Structure formats: C-alpha cells, structure tokens
Amino acid sequence: MEQQKLTEIKNNIEAILFVSSKPLKIKELIKHVAAAEQELKEALESLVLERKNSGVVLLTNNNEYQFATSAECSNQVKNFLNAELREDRKRTRLKSRHRGT
C-alpha cells in the first residue's frame, strides 16, 4: 500500500478509536474507515508498532482495538486523575455551600 493511503487510514483509525468509548473490532472499523480489511489490518499493525514505546498505546485483545495509557505512565496518570477528582470534589462542596446560604 502506498504511504499516503496508509497514513490516511491510520489517521482515521486513530480518530475513531480516540472518540470511541469501547474497544472496536476490525469489522466495526471497516464500516467507518474507507479501507479494505487487509489495508486496515496493515494500518493497525503499523499503529501498534509505532505506539509501542509511547505514552498512549494501541491495545489489541480478541481482535478488538483500543487506545490506553502505557504502563510506564501509570503513576503519572493516577496522580493526575486523583488531583482532578480532588478538584472536582472541592468545586462540588463550594457550590453546595454557596447554594445553602
């Protein structure tokens, strides 16, 4: 497959998987990406390899694909999410106090 076509397919896969709330099977991706099954598989394999040492990896399990944060970044992600949760709780408490007065 030519490089430009491969890049276009990979970009579309990335965008769809990024907004998806669940892992997607190849058949689901084919519906939304203008590519034949073999082209899609080639693009997915390429993405898995490219993202292998990245903060966001492409996971595959039972022919389903999903983006996830890498294990190497788990502490930073956990700390960030905990801080966000604390901030959300703080805002909720402040809103509740403000309404109660």
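Two residues are in contact, or touch, when they have heavy atoms within 4.5 Å of each other. Keep that in mind as you click along.

This is a predicted model, in which local features need pLDDT of at least 70 and side-chain atom pairs count only at pLDDT 80 or more, while totals for chains, interfaces and linings use all residues. Residues are numbered from 1 along each chain as its sequence is written, and side-chain values use heavy atoms, with hydrogens and water left out.

**Stop 1: the whole chain**

Start with a cartoon view. You should find four helices and three strands, in the order α-β-α-α-β-β-α from the N terminus on. Helices (H or I, at least four residues) and strands (E, at least two) are DSSP runs, numbered from the N terminus. The radius of gyration is 19 Å, well over the 13 Å that the globule rule gives for 101 residues, so the chain is more spread out than a compact globule. That radius is taken over C-alpha atoms, and the rule is 2.2 Å times the number of residues to the power 0.38. Along the principal axes, the C-alpha atoms fill a box of roughly 65 × 30 × 25 Å.

Now switch on the surface. The chain exposes about 7,700 Å², and carbon and sulfur atoms supply 50% of it; such areas come from the Shrake-Rupley method with a 1.4 Å probe, and for residues only the protein chains shown count as cover. Buried residues make up 21% of the 101 residues. Here, buried means under 20% relative accessible area, exposed over 50%, and partly exposed in between (1.4 Å probe, protein chains only).

**Stop 2: the nonpolar core**

A nonpolar core is a set of buried Ala, Val, Leu, Ile, Met, Phe, Trp, Tyr and Cys residues joined through side-chain atoms within 4.5 Å. Which members of the largest core touch the most others? Select Ile13, Leu17, Leu40 and Leu44, which do so among its 17 residues. The elements that give two or more residues to this core are helix H1 (3-19), helix H2 (26-32), helix H3 (37-50) and strand E3 (64-69). H1 gives the most, with five residues.

Zoom in on isoleucine 13. Leaving aside neighbours within four places in sequence, Ile13 is in contact with Val33, Leu40, Ala43, Leu44 and Leu47.

**Stop 3: along helix H1**

Stay on H1 and pick isoleucine 16. Isoleucine 16 is buried, with a relative accessible area of 19%. Not counting residues up to four places away in sequence, Ile16 touches Leu24, Leu29, His32 and Val33. Add glutamine 66: its C-alpha atom is 9.8 Å from that of isoleucine 16, although the two are 50 residues apart along the chain.

Next, select lysine 10, also placed in helix H1. Is lysine 10 buried or exposed? Lysine 10 is buried, at 9% relative accessible area. With residues up to four places away in sequence set aside, its contacts are Ala43, Ser46, Leu47 and Glu50.

**Stop 4: strand E3**

Move to tyrosine 65, found in strand E3. Tyrosine 65 counts as buried at 11% relative accessibility. Beyond residues up to four places away in sequence, Tyr65 touches Leu17, Pro23, Leu24, Ile26, Leu44, Leu58, Leu59 and Thr60. Draw a line from its C-alpha atom to that of isoleucine 13: the separation is 9.8 Å, with their positions 52 residues apart along the chain.

**Stop 5: the loops**

Step to the loop between strand E2 (56-61) and E3, where you will find asparagine 62. Asparagine 63 lies in this loop as well. Most residues other than glycine have a negative phi. Here, phi of asparagine 62 is near 50°, a positive value, and phi of asparagine 63 is near 60°, also positive. Asparagine 62 counts as exposed at 63% relative accessibility, and asparagine 63 counts as exposed at 55%.

For another loop, select asparagine 53, between H3 and E2. Asparagine 53 counts as exposed, at 77% relative accessibility. Its C-alpha atom is 19 Å from that of alanine 15, 38 residues away along the chain.

**Stop 6: helix H4**

Finish with alanine 83 in helix H4 (residues 74-100). Alanine 83 is partly exposed, with a relative accessible area of 34%. Its C-alpha atom and that of threonine 60, 23 residues apart along the chain, are separated by 29 Å.
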